[in-house]
Amino acid sequence: MADEVDLPEGADDVGFVAPSGNPDDYTHKGRLKSAVYEAEMARLQEQLVLLQYWVQTQGLKVLVIFEGRGSAGKGGVIKRITERTSPRTVRVVALPKPSERERTQWYFQRYAEHLPAAGEMVLFDRSWYNRSNVEWVMGYCTEEEHQEFLRSCPEFERMLVRSGITVLKYWFSVSYDEQRKRFEARNAEPLKRWKLSDMDLAEHELYIRYSMAKDTTFQYTDIKQAPWNVVPSDDKRAARLNCIRHLLDQFAYVDVAPEPVELPTMRDVPYVRPPMHEQTFVPQRF
């Protein structure tokens, strides 16, 4: 597929990365086997629960930003992170298009209200980086607004770090060939076709413009206080595991999970319930 399009040279989107682990853990195409993935994901999800307790007890404020092209796998890794954790501690923020009022606000204002308080981890499924990627490429912001974002964003993130927020930024990198395969798969399956939006089609057509946007974004915002971490994601399974493992490695957490509690016995309270036939039950078809 790549030889059919004129892609620019460079490391914009890494494409498939050859496996470096045990050869027996991979298919003949070099993709991580399902059984290996499931076993390691179960282990990592247990560690995420332990990290959750650590964030709670230590009063940490953790912000994790997920960015990348459409179909790169951001949603998949977020789903796996939140699968076993509590939404009260680990919550997802995925903001819709700004309202008319929000468009008149300071650009970062509507994002700031979702930042973590003590004992919280917030996962941003896309973030303020919409401005330097989607908005810039699609012409939804002016060149002056784009330039102001590039100036302001590093300072804004430095302020967050100085305030005690841990800022982690992940860019999921998918190649042109792999993105096309995923879009074609969505298009071919009626139950997944809703995932293929007009924005996805425009993004695929403007793949090189998005390359330019990513490169410019990194040039200005890959700062030492909050660096970008690139996750090659042509192999979705490997990408999820690599990202979650890297996330866990950023914290020197220990097991502070609570001990099992003794369940109380039911209190004896004088009470007569109404007859069951007065209730409407769902038909028992299974």
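Me: Lys169 and Glu157, are they buried or exposed?
Reply: Both are buried. Keep in mind that this is a predicted model.

Me: How far apart are their closest N and O atoms?
Reply: They sit 2.8 Å apart, and Lys169 and Glu157 form a salt bridge. Lys169 is in strand β4 and Glu157 in helix α6, so the pair ties together parts 12 residues apart in sequence.

Me: Which residues are joined into one network by shared salt-bridge partners?
Reply: Arg31, Glu178 and Arg182. Within that group, the closest N and O atoms of Glu178 and Arg31 are 3.7 Å apart. That pair links distant parts of the chain, with Glu178 in helix α7 and Arg31 in the segment before α1, 147 residues apart.

Me: Why does Arg31 count as partly exposed?
Reply: Because its relative accessibility is 26%, and partly exposed covers the range between 20% and 50%. Glu178 is buried, at 11%.

Me: Switching topic: which residues of α9 are buried?
Reply: Tyr207, Tyr210, Ser211, Ala213, Lys214, Thr217, Phe218 and Thr221. Looking down the α9 axis, these fall within an arc of 165 degrees, so they line one face of the helix.

Me: What do they pack against?
Reply: Several elements, including α5, α6 and β4.

Me: And where is Asn133?
Reply: Asn133 is in helix α5. Among the residues Asn133 touches are Tyr210, Ala213, Lys214 and Thr217. Its side chain also reaches the backbone oxygen of Tyr129 at 2.9 Å.

Me: Is Asn133 buried or exposed?
Reply: Buried, because its relative accessibility is 5%.

Definitions and conventions. Residues numbered from 1 in each chain as written. Predicted model: local features only at pLDDT ≥ 70, side-chain atom pairs only at ≥ 80, totals over all residues. Heavy atoms only, no water. Helix = DSSP H or I, 4+ residues; strand = E, 2+ residues; numbered from the N terminus. Buried < 20%, exposed > 50% of the residue type's maximum accessible area, 1.4 Å probe, protein only. Polar contact = N/O pair within 3.5 Å; in protein donor to acceptor, adjacent residues only side chain to side chain. Contact = heavy atoms within 4.5 Å. Arc of directions from axis to C-beta. Salt bridge = Lys/Arg side-chain N within 4 Å of Asp/Glu carboxyl O. Lists of a residue's contacts leave out its neighbours within four places in sequence.
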